[in-house]
Amino acid sequence: MIGEEVNPDFFQEVRLYENSAERERLDNMSELYAVLNALECLEKMLSRDCIPPKEYTAECSKLLVQYKVALRLVQCADIDEFVRKYRIECPAALERIREDRPITVRDDKGNTLKCIAEIVEMFITFLDQLKLNVRAVDELFPTLGELNASMSAMSSLPDNFDSKLKVKAWHDRLKGMSASAEISDEEARQMIFELETAYNSFTRFLHSS
């Protein structure tokens, strides 16, 4: 009513979290939701012939890897339970997750797809390590080694492919360092810049191949 006093509590900010751990949990959950939503939209785009099959295959492969990373961060054992709990409508995304590969390669043996999935996962994992201020060589090198090995195993990548060369250069650099050594913040910043560029170049290669 006009003139009636309003309870000041109504204007207080509602906090969704009380500490950094809760905030990280919510961020991880929102990332998982975003991946599910993107995968659902991608499936609808393909069904409506709004995206070329090659581009769909590359995007779907990337999203399936991002889903696995996001699910691991949320520490959710059952994606169906997560979807029911938060009332997410994504039947097409769930079907793609169950098959664990793009619909366009349903009858493929999956060797190339496996390489793509491993490369995308290692790129994401390694960049996350750097952004979380991991600097010890013995913590960084295993992931970078797997990334380098996966890129070398993907026969469709040319030997002079820029992304491949950047990854190998950093791999060789860390390989020559002591396990107890740490990279500097300046080196980490440069590595993030070069490997994010390499990752973007790799995804463009998938779209064009």
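**Aromatic pairs, cores and helix packing**

Phe 123 and Phe 202 are both buried in this predicted model. The centres of their rings lie 6.5 Å apart and the planes meet at 40 degrees, so the pair is classed as tilted. Phe 123 belongs to helix H5 (residues 111-131) and Phe 202 to helix H8 (residues 185-208); the pair therefore ties together parts that are 79 residues apart in sequence. Together with Tyr 199, these two phenylalanines form one aromatic cluster.

A pair of aromatic rings is described by the distance of the centres and the angle of the planes. In total, the structure holds 4 aromatic pairs. One of them joins Phe 82 and Tyr 86, with 5.0 Å from centre to centre and 55 degrees between the planes, a tilted arrangement. Phe 82 is buried, at a relative accessible area of 6%, whereas Tyr 86 is partly exposed because its relative accessibility is 38%.

In soluble globular proteins, nonpolar side chains tend to be buried together. The largest nonpolar core of the model comprises 34 residues, and Phe 123, Met 154, Leu 195 and Phe 202 have the most contacts inside it. Two or more residues of this core are supplied by each of H2, H5, helix H6 (137-153), helix H7 (162-175) and H8. H5 provides the largest share, 10 residues. Beyond its neighbours within four places in sequence, Phe 202 is in contact with Ile 116, Ile 119, Val 120, Phe 123, Met 151, Met 154, Leu 157, Phe 161 and Ser 163. A second core, separate from this one, has 24 residues, among them Met 29, Cys 60, Val 74 and Ile 97.

Helix H8 also packs against helix H2 (residues 53-74), at an angle of about 140 degrees and with the axes 7 Å apart. H2 is therefore oblique to H8, because angles count as roughly antiparallel when over 145 degrees. On the H2 side, the contact is made by Lys 54, Glu 55, Ala 58, Glu 59, Lys 62 and Gln 66; on the H8 side, by Tyr 199, Thr 203, Leu 206 and His 207. By residue class, this contact consists of 4 charged, 3 polar and 3 nonpolar residues. Tyr 199 of H8 thus takes part in the contact with H2 and is also a member of the aromatic cluster with Phe 123 and Phe 202.

Lys 164, in helix H7, is a charged residue that counts as buried, because its relative accessibility is 13%. Apart from residues up to four places away in sequence, Lys 164 touches Met 151, Ser 152, Leu 157, Pro 158 and Asp 159. Met 151 and Leu 157 also appear among the contacts of Phe 202.

Backbone geometry was examined as well. Most residues other than glycine have a negative phi, and most peptide bonds are trans. Arg 87, which is not a glycine, has a positive phi of about 55 degrees. Arg 87 is placed in the loop between helix H3 (79-85) and helix H4 (91-99), and it counts as exposed because its relative accessibility is 77%. Asp 100 likewise has a positive phi, near 60 degrees. This residue is located in the loop between H4 and H5; Asp 100 is partly exposed, with a relative accessibility of 39%.

Note on methods. Residues numbered from 1 in each chain as written. Predicted model: local features only at pLDDT ≥ 70, side-chain atom pairs only at ≥ 80, totals over all residues. Heavy atoms only, no water. Phe/Tyr/Trp six-rings, centres within 6.5 Å; stacked < 30°, edge-to-face > 60°. Buried < 20%, exposed > 50% of the residue type's maximum accessible area, 1.4 Å probe, protein only. Helix = DSSP H or I, 4+ residues; strand = E, 2+ residues; numbered from the N terminus. Axes fitted to C-alpha atoms, helices over the stretch in contact; angles between N-to-C directions. Parallel < 35°, antiparallel > 145°, perpendicular 65-115°, else oblique. Contact = heavy atoms within 4.5 Å. Core = buried A, V, L, I, M, F, W, Y, C linked by side-chain atoms within 4.5 Å.
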